[in-house]
Amino acid sequence: MPNTTKLHKFVLISCVFWAIFLASCSTSNAGENVAEPTETEVIPTATTRVALTLPTDTPEVIDKCLACHKDKQRLIDTAKPEEEVVSENEGAG
């Protein structure tokens with residue numbers, strides 16, 4: 001039976017420890033002197049207005065690569081001439 005008294009002591013000490021710990025974590029302002037605003041005081045508040053900007057047409061970005069590849073005449077002028085490939089599978093064997 002002596003083990004139960006040790007267990008009771010341990011539980012009691014643990015409960016006291018946790019009660020003190022939780023009380024110290026409290027966020028109440030009971031001990032602090034905080035001035036409460038009276039009815040006649042005017043508390044200034046900041047108001048910020050954000051202007052709504054709607055999306056507009058974005059300017060077209062000039063892409064030089066796309067411009068070159070869309071120009072059919074430039075493609076024809078700068079194209080490499082086709083070379084004839086001699087196949088080894090043709091001809092007399």
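Here are three short exercises, with worked solutions, on the predicted model shown above.

**Exercise 1. Classify the ring contacts of F17.**

Task: Work out which geometry, stacked or edge-to-face, describes the pair F17 and W18, and do likewise for F17 and F21.

Solution:
- Step 1. Let's start with the overall search, which finds three aromatic pairs in the whole structure.
- Step 2. Take F17 and W18: their ring centres are 5.5 Å apart, with 75° between the planes. Planes over 60 degrees apart count as edge-to-face, so the F17 and W18 pair is edge-to-face.
- Step 3. Now turn to F17 and F21, whose centres lie 6.5 Å apart and whose planes meet at 15°. Planes under 30 degrees apart count as stacked, so this pair is stacked.
- Step 4. For the sequence side of the story, F17 and F21 are four residues apart in helix α1, which covers residues 2–24. That spacing separates F17 and F21 by about one helical turn.
- Step 5. Putting the contacts together, F17, W18 and F21 form one aromatic cluster.

**Exercise 2. Follow the cluster to the surface.**

Task: Find which residues make the nonpolar surface patch of about 450 Å², and sort them by exposure class.

Solution:
- Step 1. The patch is made by F17, W18, F21 and L22, so the residues of the aromatic cluster are joined here by L22, a residue of helix α1.
- Step 2. Check the relative accessibility of each ring residue: F17 has 48%, W18 has 49% and F21 has 37%. Exposed means over 50% and buried under 20%, so F17, W18 and F21 are partly exposed.
- Step 3. L22 reaches 56% relative accessibility, and therefore counts as exposed.

**Exercise 3. Look for disulfides.**

Task: Decide how many disulfides the structure holds, and which cysteine sulfur is nearest to that of C65.

Solution:
- Step 1. Recall the chemistry: a disulfide is a covalent bond between the sulfur atoms of two cysteines.
- Step 2. The count for this structure is zero disulfides.
- Step 3. For C65, the nearest cysteine sulfur belongs to C68 and is 7.7 Å away. A disulfide needs the sulfur atoms within 2.5 Å, so C65 is in no disulfide.
- Step 4. Finish with exposure: C65 counts as exposed at 55% relative accessibility, whereas C15 is partly exposed, with a relative accessible area of 48%.

Notes. Residues numbered from 1 in each chain as written. Predicted model: local features only at pLDDT ≥ 70, side-chain atom pairs only at ≥ 80, totals over all residues. Heavy atoms only, no water. Phe/Tyr/Trp six-rings, centres within 6.5 Å; stacked < 30°, edge-to-face > 60°. Buried < 20%, exposed > 50% of the residue type's maximum accessible area, 1.4 Å probe, protein only. Helix = DSSP H or I, 4+ residues; strand = E, 2+ residues; numbered from the N terminus. Patch = residues over 30% accessible without salt bridge, like charges linked within 9 Å, V, L, I, M, F, W, Y side chains within 5 Å. Areas by Shrake-Rupley, 256 points an atom, 1.4 Å probe, with all protein chains shown as cover. Salt bridge = Lys/Arg side-chain N within 4 Å of Asp/Glu carboxyl O.
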